[in-house]
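Let me take the cysteines and then the pockets. The structure goes up now.

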Amino acid sequence: MSFVQPLVMCQNGVRLEPLAQEHEEGLRAAAADGQLWKLRITSVPEPQDTRAYIENALQMRADGNRFAFAVCDDASGEVLGSTSYHDILPAVKRLEIGWTWYRKSVQRSHVNTTCKLLMMGNAFDQLGCKVVAWRTDNFNFASQRAIERLGARKDGVIRGHALRRDGTIRDTVMYSMRAGEWPEARAQLLSLLELHAQSA
């Protein structure tokens, strides 16, 4: 039995459900909102590569090292983006959250905060993870700020770590959160969502 089991998580009008081939059209439309595949520091698929993107995610799920979700609007079913658990290490109760992207029209909204609240809650409270981690491109400053807002701590930078989509080599910034830090982080995320609701 795999460490991460299929599940659907919902809160604040956002639904996370296991990524499947049926999400292909919606995922393609989400990426087109802002032409996100043109950003060199993200993993957003180009339109013609959407099916292969999903197939790769499903193979990684079968291999036990990634579990991808479609992020959807709970009322309409519209696909808003995708996010994943990855680098899943059951023996040490550790996983990472990444491969995350959202259509441009919902960026800087409550969507990312809600997704992280759901995923971190499931990881710490249901799966019993000791550590949840994140990684991002050293030039993806928006992602770094978003991770830091979650309450994660910067572990360091792995230099010359991976290829970007344009063939350049990136440094990777690593962050993590321990289980003991989760209650305070959860309270902060709930406070952020309450502030967003008040200003909406």
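C129 is buried, with a relative accessibility of 2%; buried means under 20% relative accessible area, with a 1.4 Å probe and protein chains only. Its sulfur lies 17 Å from the closest cysteine sulfur, that of C115, which is too far for a bond.

This is a predicted model: local features need pLDDT of at least 70, side-chain atom pairs count only at pLDDT 80 or more, and totals for chains, interfaces and linings use all residues. Residues are numbered from 1 along each chain as its sequence is written, and side-chain values use heavy atoms, leaving out hydrogens and water.

Across the whole structure, the search gives 0 disulfides, a disulfide being a pair of cysteine sulfur atoms within 2.5 Å. C72 is in none, and the nearest cysteine sulfur, in C10, is 9.3 Å away. C72 is also buried, at 0%.

Now the pockets. A pocket is an open set of points on a 1 Å grid over the protein atoms alone, where a 1.4 Å probe fits, with protein on both sides within 12 Å along at least five of seven lines; lining residues have an atom within 4 Å of a point. The largest has a volume of about 1600 Å³, volume being the space filled by probe spheres set on the points. It has 48 lining residues, and T100, W101, N140, A142 and S143 are the closest to its centre. By class, this lining holds 21 nonpolar, 16 polar and 11 charged residues.

The second largest pocket comes to about 180 Å³. Its lining includes W99, R66 and R165.

Key: Buried < 20%, exposed > 50% of the residue type's maximum accessible area, 1.4 Å probe, protein only. Nonpolar A, V, L, I, M, F, W, Y, C, P; charged D, E, K, R; others polar.
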